[in-house]
Amino acid sequence: MKKIIAYILLLLAVMLTVRCNAEEDNAIADQRSRITTYLENNAEEDLWSEISGVFRYRIPGENAVQSTATEIERGDSVYFYFAGYEFTSTRQEPTFYTNLDYLIEERRLAGQNVIFMSDEPEKVKIGDTKLIRALEIGLTGCYQGDSVRLFLTSNLAYGANYVSTLPLDSSVEYAVLIDKVIKQ
């Protein structure tokens, strides 16, 4: 009798796991679809791409010096400014994290805690950093002076982890200005 109960419990656990995974897969597929639709409707086709699940949109004509700069590669040090948003296709929400001084001030005036935010450029070494892997993927292949928008599904962003004011399991958009690249 104990064996039968153990098998039934095991079967129930497997069924619940499969159902949860299917729901998560559907949520990720929905996020990917919303990001793709947004880019198809709002970005020039040849300026956006998907690399390993990360959607990258290069903003044309902003600050890029691609003719003289080298492409960001693993091992390079990159300095950049950024603003992170919950992706909603309208981007009216406040940032959940930034290092842009005017956005930090907006958050402070709105009564939010900005003690951990700095207006200094973020400095990372590609391949050896505290950044989430998807941001490294999105930055690799860019150039000093590039302005890019990176779109991440929740599984590539923060998933079920709390990050500032970002709701759990949210897709994310990062607006990034690459200030300086030091080749290694």
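The following exercises, with worked solutions, concern side-chain pairs, accessibility and backbone angles in a predicted model.

Residues are numbered from 1 along each chain as its sequence is written, and side-chain values use heavy atoms, with hydrogens and water left out. Because the model is predicted, local features need pLDDT of at least 70 and side-chain atom pairs count only at pLDDT 80 or more, whereas totals for chains, interfaces and linings use all residues.

**Exercise 1. Aromatic pairs of Tyr38**

Determine how the rings of Tyr38 and Phe87 are arranged, and which parts of the chain the pair links.

Step 1. Apply the criterion: rings of Phe, Tyr and Trp (its six-membered ring) pair if their centres lie within 6.5 Å; planes under 30 degrees apart count as stacked, over 60 as edge-to-face and the rest as tilted. The count under this rule is nine aromatic pairs.

Step 2. For Tyr38 and Phe87, the centre-to-centre distance is 5.5 Å and the angle between the planes is 75°, an edge-to-face pair.

Step 3. Locate the residues, taking helices (H or I, at least four residues) and strands (E, at least two) as DSSP runs numbered from the N terminus. Tyr38 belongs to helix H1 (residues 2–42), while Phe87 is in the loop between strand S3 (77–86) and strand S4 (97–98); the pair links distant parts of the chain, 49 residues apart.

Step 4. Assess accessibility, where buried means under 20% relative accessible area, exposed over 50%, and partly exposed in between (1.4 Å probe, protein chains only). Tyr38, at 15%, is buried, and Phe87, at 2%, is buried as well.

Step 5. Examine the pair of Tyr38 with Phe151: the ring centres are 5.8 Å apart and the planes stand at 55°, so this pair is tilted. Because Tyr38 lies in helix H1 and Phe151 in strand S6 (residues 147–152), the pair ties together parts that are 113 residues apart in sequence. Phe151 has a relative accessible area of 0% and is buried.

**Exercise 2. Further ring arrangements**

Identify which residues ring pairs link into a cluster, and which residue lies over the face of Tyr79.

Step 1. The cluster consists of Phe80, Phe82, Phe96, Tyr97, Tyr158 and Tyr174, linked by ring pairs.

Step 2. For a charge over a ring, NZ of Lys or CZ of Arg must be within 6 Å of the ring centre and within 35 degrees of the ring normal. Lys180 lies over the face of Tyr79, 4.7 Å from the ring centre.

**Exercise 3. Salt bridges**

For Arg58, Glu122 and Arg133, state which residue forms a salt bridge with each.

Step 1. Side chains of opposite charge can pair when their charged atoms come close. The criterion is a side-chain nitrogen of Lys or Arg within 4 Å of a carboxyl oxygen of Asp or Glu. It yields a count of nine salt bridges.

Step 2. Arg58 pairs with Asp146, with the closest N and O atoms 3.2 Å apart. This pair links distant parts of the chain, 88 residues apart: Arg58 is in strand S2 (residues 54–58), and Asp146 is in the loop between helix H3 (133–139) and S6. Arg58 is partly exposed at 21%, whereas Asp146 is buried at 3%.

Step 3. Glu122 pairs with Lys130, the closest N and O atoms lying 3.6 Å apart. Glu122 is buried at 17%, but Lys130 is exposed at 72%.

Step 4. Arg133 pairs with Glu136 at a closest N and O separation of 3.4 Å. Both residues lie in helix H3, three residues apart, about one turn of the helix. Arg133 is exposed at 54%, whereas Glu136 is buried at 6%. In addition, Glu73, Asp76 and Lys183 are joined into one network by salt bridges that share partners.

**Exercise 4. Positive phi angles**

State where Ser52 and Asp169 are found, and give the phi of each.

Step 1. Most residues other than glycine have a negative phi.

Step 2. Ser52 is not a glycine, yet its phi is positive, at about 50°. Ser52 occupies the loop between S1 and S2 and is exposed at 59%.

Step 3. Asp169, also a residue other than glycine, has a positive phi near 55°. Asp169 lies in the loop between S6 and strand S7 (172–182) and is partly exposed at 45%.
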